[in-house]
Amino acid sequence: MNRILTAVLFILLVSGKAWSQAAVTGQAFAEVIAALTATETNQMNFGRFSPETNGGQIVLTPDGVRSAQGSVVLGGGLAQPGIFNITGAPDATFTIQLPNEPAYLTHQGSNKTMQVTSWESNPPAGTGTGTLNGGEEIVSIGATLMVGSIEDNPVGMYTGTFSLTFAYN
């Protein structure tokens, strides 16, 4: 009798475990989004100025406000921040990385240089600070131009480049 009772209990325990199990098939999804692109729509331009005797700085904000420090005298002409159109997946966030080091503008005749430092952006640089509303965002870049004396920075055009990085978060 003990053997029969033990066998019945064993069958009930084993079959009870089978009844407490369930199988299900799950689904997985993935979405490939458009590559992030950046296009320069306006080149950064510190405008016209005279360094005068001691030079100084020209500060150009991402909003396009230009100011001078030191003996620098601002002249007329176009001054504007660098403007970049960023496109990609709608409503995605992205990172803005400004240059870690100065850029240099080189005089086309003498190879003398002016240094560009103190980079700023709107939206601000950092992780997740930009959002692609409708799949695009405008990023404005400002900086400070270090200007030497008229001897250090003779009259003429100065050109140079700088690198930015935009990445999905």
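## Exercises on strands, core and rings

Strand E4 (residues 66-70) is joined to E3 by 5 bridges, and the two run antiparallel. Strands (E, at least two residues) and helices (H or I, at least four) are DSSP runs numbered from the N terminus. Two strands pair if DSSP finds at least two bridges between them. The model is predicted: local features need pLDDT of at least 70, side-chain atom pairs count only at pLDDT 80 or more, and totals for chains, interfaces and linings use all residues. Residues are numbered from 1 along each chain as its sequence is written, and side-chain values use heavy atoms, leaving out hydrogens and water.

**Exercise 1. Place strand E3 among its partners, and decide how enclosed E3 is.**

Step 1. Start with the E4 side. Leu 60 has Arg 66 in E4 as its bridge partner. E3 and E4 form a hairpin with 5 residues between them. In that turn, Gly 64 has a positive phi of about 90 degrees.

Step 2. Turn to E11. E3 and E11 pair in the antiparallel sense, over 5 bridges. Val 59 stands opposite Thr 144 in E11.

Step 3. Check burial. Buried means under 20% relative accessible area, exposed over 50%, and partly exposed in between (1.4 Å probe, protein chains only). In E3, 4 of the 5 residues are buried, so the strand is largely enclosed by the rest of the structure.

**Exercise 2. Work out the strand order of the open sheet that contains E7, and find its edges.**

Step 1. The sheet has 3 strands, in the order E10-E7-E13, with antiparallel pairing.

Step 2. Strand E10 (126-131) and strand E13 (165-168) are the edges. Each has a single partner strand, so one side of each lacks a neighbour in the sheet.

Step 3. From one strand to the next, the twist averages 40 degrees. Axes here are lines fitted to C-alpha atoms (for helices, over the stretch in contact), with angles from 0 to 180 degrees between N-to-C directions.

Step 4. Look at one pairing. E7 and E10 share 3 bridges. Thr 93 has Thr 131 in E10 as its bridge partner.

**Exercise 3. Identify the best-connected members of the largest nonpolar core.**

Step 1. Such a core is a set of buried Ala, Val, Leu, Ile, Met, Phe, Trp, Tyr and Cys residues joined through side-chain atoms within 4.5 Å.

Step 2. This core has 26 residues. Phe 46, Val 116, Trp 119, Ile 141, Leu 145 and Phe 166 touch the most other members.

Step 3. Elements giving two or more residues include strand E9 (113-122) and strand E11 (136-147). The largest share, 5 residues, comes from E11.

Step 4. Take Ile 141. Contact means heavy atoms within 4.5 Å. Not counting residues up to four places away in sequence, Ile 141 touches Trp 119, Phe 162 and Leu 164, among others.

**Exercise 4. Classify two of the aromatic pairs found in the whole structure.**

Step 1. Rings of Phe, Tyr and Trp (its six-membered ring) pair if their centres lie within 6.5 Å; planes under 30 degrees apart are stacked, over 60 edge-to-face, the rest tilted. The search finds 4 pairs.

Step 2. Phe 94 and Phe 166 have centres 6.3 Å apart and planes at 65 degrees, so the pair is edge-to-face. Phe 94 lies in strand E7 and Phe 166 in strand E13, 72 residues apart. Phe 94 is buried at 0% relative accessibility, and Phe 166 is buried at 16%.

Step 3. Trp 119 and Phe 162 are tilted, at 4.9 Å and 40 degrees. Trp 119 is buried at 13%, whereas Phe 162 is partly exposed at 25%.

Step 4. Ring pairs link Phe 84, Phe 94, Trp 119, Phe 162 and Phe 166 into a cluster.
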